[in-house]
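Please open the model in your viewer and keep the selection tool at hand. The stops below say what to select next and what is to be found there.

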Amino acid sequence: MKIKSIKTLQESQELLTVWNEVDSGLRFGDLTPGSFAQQTSDCRHWLDMYTSLLAQIEDVRMRLTDSDKKLSKGNTRVHQGMRASYGSKSPEYVRAQKARIHRRSHRAAVSPAPQVMQA
């Protein structure tokens with residue numbers, strides 16, 4: 001998602017500076033330099049909060065990815081241990097194999113041959 005607030009905030013700050021330099025008493029409807037400055041401040045607050053939350057989410061995502069890799073290696077170790085301990089034909093190993101989630105995608109269904117357009 002592209003956030004345009006950074007450019008909007010930059011533009012607002014420049015406009016506020018110009019507005020105050022030209023005529024700080026000038027109003028546009030109910031918009032004054034003070035209310036415009038408050039709107040700018042509010043937008044900056046929400047942008048800062050959004051940026052902070054994104055950083056937290058990215059940190060959680062990285063930790064989840066690391067944890068998933070460790071757990072996946074543990075799964076493999078358990079499967080291999082069950083096979084080594086009980087043998088590949090044992091009911092114990094067969095049960096462990098049934099619990100395994102197959103990561104390989106199923107073969108794609110054969111798509112029909114493209115139709116030839118006739119003139």
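A search of the whole structure finds 2 aromatic pairs, where rings of Phe, Tyr and Trp (its six-membered ring) pair if their centres lie within 6.5 Å, and where planes under 30 degrees apart count as stacked, over 60 as edge-to-face and the rest as tilted. Select tryptophan 19 and phenylalanine 28 to see a tilted pair, with 5.0 Å from centre to centre and 55 degrees between the planes. Next add phenylalanine 36, whose ring centre lies 5.8 Å from that of tryptophan 19, with the planes at 55 degrees, so this pair is tilted. Because tryptophan 19 lies in helix 1 and phenylalanine 36 in helix 2, the pair ties together parts that are 17 residues apart in sequence. With the three residues selected, you have Trp19, Phe28 and Phe36, which form one aromatic cluster.

Before going further, a few words on how to read the model. This is a predicted model, in which local features need pLDDT of at least 70 and side-chain atom pairs count only at pLDDT 80 or more, while totals for chains, interfaces and linings use all residues. Residues are numbered from 1 along each chain as its sequence is written, and side-chain values use heavy atoms, with hydrogens and water left out. The protein averages a pLDDT of 88, and 83% of the residues score at least 70, pLDDT being the predictor's confidence in each residue, from 0 to 100. If you colour by this score, helix 2 (residues 33-86) has the highest mean among the elements, 96, and helix 3 (residues 91-99) the lowest, 90; helices here are DSSP runs (H or I, at least four residues), numbered from the N terminus.

Now select helix 1, residues 5-23. Its buried residues are Leu9, Ser12, Leu16 and Trp19, where buried means under 20% relative accessible area, exposed over 50% and partly exposed in between (1.4 Å probe, protein chains only). Turn the view to look down the axis of helix 1: its buried residues fall within an arc of 90 degrees, so they line one face of the helix, the arc being that of the directions from the helix axis to the C-beta atoms. These buried residues pack against helix 2, contact meaning heavy atoms within 4.5 Å. On the face turned away from the buried side, select the exposed residues Lys7, Glu14, Glu21 and Val22.

For the aromatic residues at this meeting of helices, tryptophan 19 counts as buried at 9% relative accessibility, and phenylalanine 36 is buried as well, with a relative accessible area of 13%.

The last stop is along helix 2. How many salt bridges does the count come to? The count is 2, a salt bridge being a side-chain nitrogen of Lys or Arg within 4 Å of a carboxyl oxygen of Asp or Glu. Select glutamate 58 and arginine 61, whose closest N and O atoms are 2.5 Å apart; both residues lie in helix 2, 3 residues apart, about one turn of the helix. Glutamate 58 is partly exposed at 34%, and arginine 61 is partly exposed at 42%. Then select arginine 63 and aspartate 59, whose side chains meet in a salt bridge at 2.9 Å, N to O. Arginine 63 is exposed, with a relative accessible area of 57%, whereas aspartate 59 is partly exposed, at 32%.

Notes:
Helices (H or I, at least four residues) and strands (E, at least two) are DSSP runs, numbered from the N terminus. The expected span of a helix is 1.5 Å times one less than its number of residues.
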